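User: Hi! I'm new to reading protein models. Could you help me see how the labels follow from the values?

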Amino acid sequence: MLGSACSHSNKDDPVVTDDSQADVLAQYQAVTDELAAAEAAAGRPGGSVRLVAVSKTHPASRIRPLLERGHRLFGENRVQEAEEKWPALRSDFPDLELHLIGPLQTNKVREAVALFDVIETVDRPKLADALAREMERTGRSLRCLVQINTGAEPQKAGVLPEEADAFIEECRHRRRLAVEGLMCIPPQADDPMVHFRMLAAMAHRHGLPILSMGMSGDYPRAIAAGATHVRVGTAIFGHR
Ligand SMILES: *Cc1c(COP(=O)(O)O)cnc(C)c1O
């Protein structure tokens with residue numbers, strides 16, 4: 001990575017504003033406009049919803065224009081891919097904020113705690129323990145969200161709804177993780193509003209301020225249901 005491939009991309013990236021980069025900026029603008037319209041429609045103040053730009057599978061050359069435009073909040077779903085892209089971007093934009101939105105294996109906890117600012121996918125006791133231990137060891141305290149499998153889908157990560165209350169309490173009080181909210185990915189076939197409302201009610205019950213819900217296909221509806229963070233990939237960066 002540090003050899004010729006890197007110097008090649010450094011040479012090309014800043015000067016070439018090709019069509020794909022222009023597309024990213026235009027699509028980003030369209031998403032921020034729609035987000036603002038959804039906030040207004042929901043009677044929520046402008047700026048109450050944060051846009052997590054999901055850059056997974058897209059190279060740094062497509063991410064950089066957004067950073068230069070002033071966007072600072074991004075999501076990645078794989079630790080290894082994020083390790084390859086983000087240290088260089090962060091050294092140029094130290095105030096960026098990176099969220100892990102994909103499943104985290106316990107053997108990647110050390111790398112994840114070093115690289116990310118927020119872990120959105122805390123979903124089992126073994127992972128919560130490993131995160132708490134690593135944060136104590138390093139003194140780096142990341143904000144965490146608990147991922148809820150609101151549709152109880154067997155193939156999907158996340159805590160089952162009936163186990164969520166106990167798990168959230170355990171994470172906060174026994175493990176002393178900085179749990180600030182909840183995250184979900186509704187089943188594709190369902191009306192997402194049912195799931196957004198379930199997540200909102202659960203967060204309310206626990207006094208948790210952050211609700212990460214809504215993707216390219218449904219983020220305006222998530223905002224209507226109270227999302228504080230929407231995670232949008234395709235609508236900004238195009239198809240993966
Ligand atoms: C990929 C991904 C997104 C973004 O999905 P799009 O439909 O491309 O906007 C959001 N959340 C998670 C957890 C993802 O993995």
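Analyst: Happy to! This is a predicted model, and a helix makes a good start. Helix H7 has 14 residues, 161-174, and at 1.5 Å a residue these should span 20 Å.

User: How do you know that the span of helix H7 agrees with what is expected?

Analyst: The end C-alpha atoms of H7 are 20 Å apart, so the model agrees with the expected 20 Å. Just after H7, Arg 176 has a positive phi of about 55 degrees.

User: Which residues of H7 are buried, and what covers them?

Analyst: The buried ones are Pro 161, Ala 164, Phe 167, Ile 168 and Cys 171. Their cover includes strands S4, S5 and S6, together with helices H6 and H8.

User: Why is Gly 238 called buried?

Analyst: Buried means under 20% relative accessible area. Gly 238 has 16%, so the label buried fits.

User: What does Gly 238 touch, not counting residues up to four places away in sequence?

Analyst: Gly 238 touches Gln 27, His 58 and Gly 233 on that count. Gln 27 is 211 residues apart from Gly 238 along the chain, yet their C-alpha atoms are separated by 8.4 Å.

User: How much space lies in the largest pocket, and which residues are closest to its centre?

Analyst: The largest pocket holds about 580 Å³. Of its 28 lining residues, the closest to the centre are Ile 185, Pro 186, Gln 188, Met 215 and Arg 231. By class, the lining has 11 nonpolar, 10 polar and seven charged residues.

Notes. Residues are numbered from 1 along each chain as its sequence is written. This is a predicted model: local features need pLDDT of at least 70, side-chain atom pairs count only at pLDDT 80 or more; totals for chains, interfaces and linings use all residues. Side-chain values use heavy atoms; hydrogens and water are left out. Helices (H or I, at least four residues) and strands (E, at least two) are DSSP runs, numbered from the N terminus. The expected span of a helix is 1.5 Å times one less than its number of residues. Buried means under 20% relative accessible area, exposed over 50%, partly exposed in between (1.4 Å probe, protein chains only). Contact means heavy atoms within 4.5 Å. On a 1 Å grid over the protein atoms alone, a cavity is a set of points where a 1.4 Å probe fits but cannot get out, and a pocket is an open set with protein on both sides within 12 Å along at least five of seven lines; lining residues have an atom within 4 Å of a point. Grid points are joined across faces, edges and corners, and a volume is the space filled by probe spheres set on the points. Ala, Val, Leu, Ile, Met, Phe, Trp, Tyr, Cys and Pro count as nonpolar, Asp, Glu, Lys and Arg as charged, and the others, Gly among them, as polar.
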